[in-house]
Amino acid sequence: MAREVKKKTGTNSSSGTAASRKPTLELPRIRFTIVRNYLLYAHEIVRRCWRRVLGASAIFILIMTVIHLAAIQLVLSLVHIREQQNVLLSLTTLPFTAYFLSGLIRYLIAICRRPLAGGQPEVGVESQSEGEGAVGWSTFWLVPPRAYLHMLLFLVYYYFLYVCLVKVVVDFREYEGIIQIRMVAGLFFFLWLAARFIFAPLFILDGDRNVRAALRHSYLLTTRRTRRTLLFVVLLLAILWLGILALGVGAVYTLPLVLITIVLIYDNYRSAAPERLKLLEFGHAPGQRRSGTRKKVRRKKVAKASKSGGGRRSS
């Protein structure tokens, strides 16, 4: 009986201490299994660093609005056909979009990596000085030329896919029944490609990869996760459009929320797949050699054989 009483009192005291503790939100321990968890984590990062995050988003939207308005005036004065105006407007604004979008993504990546460093849930970015590891604005304004070039090529590739799979089919109005089927198929295929290559900009800006390697790594990282990633893409696009429809003001919040969510998914996918990490780092399986290395080995063997044959003949 005494032992049972001790057990009961022990459980009561432990429950009392647990109840007396203040509930805390430990962000790094959240299991990322549903998109809701990603969004909650991204919202918490935006809330704790709201000055920097919303400030960078507002600057990006303001700059792109001014650039688009200036480009519209220029395009209207040069071309009078609507289809050509759309193409010329996109090609005119793509270089600026690539540069400032790269800066925004790099800035948000730095903010995301700051609270996650060391597993500490307290962000504390705003209370720290610039010299103690806080995220500087140079990350936003100064984009490396190599990263900018590959980001521009990636956006041109995406625009080409959009024109071929969606825009051409939508603008073609004959044979409406067949065109509707093609439009749905083209839109689905475009979203599928967007889901498979969604992490390519992060590999370009964070991993210092070229366009080809970034597309290959993103495709490999989303293998066996295509349906889940496609669901993420659709939901994130819906959230972004809701912010744009709210007179454009909501995009100041939804744009960094979506980008931070993509960064969190990217980090989680990489940490959850060690074998794929080896493939991403080395480009081949750990026990498998590349085709290029095989060619080099064959060349070395041929060179050794030729040298040994030449030495025997001379002797």
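## Exercises on helix packing and empty space

Within this predicted model, Arg228, Thr229, Phe232, Leu236, Ile239, Leu240, Gly243 and Ile244 of α10 meet Ala251, Thr254, Leu255, Leu257, Val258, Thr261, Ile262, Ile265 and Tyr269 of α11, where contact means heavy atoms within 4.5 Å. Residues are numbered from 1 along each chain as its sequence is written, and side-chain values use heavy atoms, with hydrogens and water left out. Because the model is predicted, local features need pLDDT of at least 70 and side-chain atom pairs count only at pLDDT 80 or more, whereas totals for chains, interfaces and linings use all residues.

**Exercise 1.** Describe how α10 and α11 are packed, starting from the classes of the residues in their contact.

Solution. Begin with the classes: the contact of α10 with α11 has 12 nonpolar, four polar and one charged residues, where Ala, Val, Leu, Ile, Met, Phe, Trp, Tyr, Cys and Pro count as nonpolar, Asp, Glu, Lys and Arg as charged, and the others, Gly among them, as polar. The helices themselves (H or I, at least four residues) are DSSP runs, numbered from the N terminus. Next take the geometry: the axes of α10 and α11 come within 7 Å and cross at roughly 165°, which makes α10 roughly antiparallel to α11. Axes here are lines fitted to C-alpha atoms, for helices over the stretch in contact, and angles run from 0 to 180 degrees between N-to-C directions; those under 35 degrees count as roughly parallel, over 145 as roughly antiparallel, 65 to 115 as roughly perpendicular and the rest as oblique. Finally, the crossing of α10 and α11 is right-handed, a term for a near helix turned clockwise from the far one by less than a right angle, with anticlockwise giving left-handed.

**Exercise 2.** Work out how α3 is set against α11, and which residues of the two helices meet.

Solution. The axes of α3 and α11 come within 9 Å and cross at roughly 110°, and that makes α3 roughly perpendicular to α11. The crossing of this pair, α3 and α11, is right-handed. On the α3 side the contact uses Val53, Leu54, Ser57, Ala58, Phe60 and Ile61, and on the α11 side Ala251, Val252, Tyr253, Leu255, Pro256 and Ile260. Sorted by class, these residues come to 11 nonpolar, one polar and no charged.

**Exercise 3.** Determine how α2 (residues 35-48) is oriented against α10.

Solution. α2 and α10 pack at an angle of about 45°, with their axes 11 Å apart, and the two helices are therefore oblique to each other. The crossing of α2 and α10 is right-handed. Val35, Tyr38 and Leu39 of α2 touch Phe232, Leu235, Leu236 and Ile239 of α10, a contact that holds seven nonpolar, no polar and no charged residues.

**Exercise 4.** Characterise the largest pocket and the largest cavity by volume and lining.

Solution. First fix the terms: on a 1 Å grid over the protein atoms alone, a cavity is a set of points where a 1.4 Å probe fits but cannot get out, a pocket is an open set with protein on both sides within 12 Å along at least five of seven lines, and lining residues have an atom within 4 Å of a point. Grid points are joined across faces, edges and corners, and a volume is the space filled by probe spheres set on the points. The largest pocket holds about 1900 Å³ of space and is lined by 41 residues, of which Thr97, Leu101, Leu155, Leu237 and Leu240 lie nearest its centre. α4 gives the most to this pocket's lining, with eight residues, and the lining as a whole has 34 nonpolar, six polar and one charged residues. Turning to cavities, there is one of 30 Å³ or more, and about 30 Å³ of space lies in the largest cavity. Ile198, Phe199, Thr229, Phe232, Leu236, Ile262 and Ile265 line the largest cavity; α10 gives the most to that lining, with three residues.

**Exercise 5.** Locate two residues with positive phi that are not glycine.

Solution. Asp208 has a positive phi of about 55° and lies in the loop between α8 and α9 (211-221). Arg224, with phi near 65°, is placed in the loop between α9 and α10. For background, most residues other than glycine have a negative phi.
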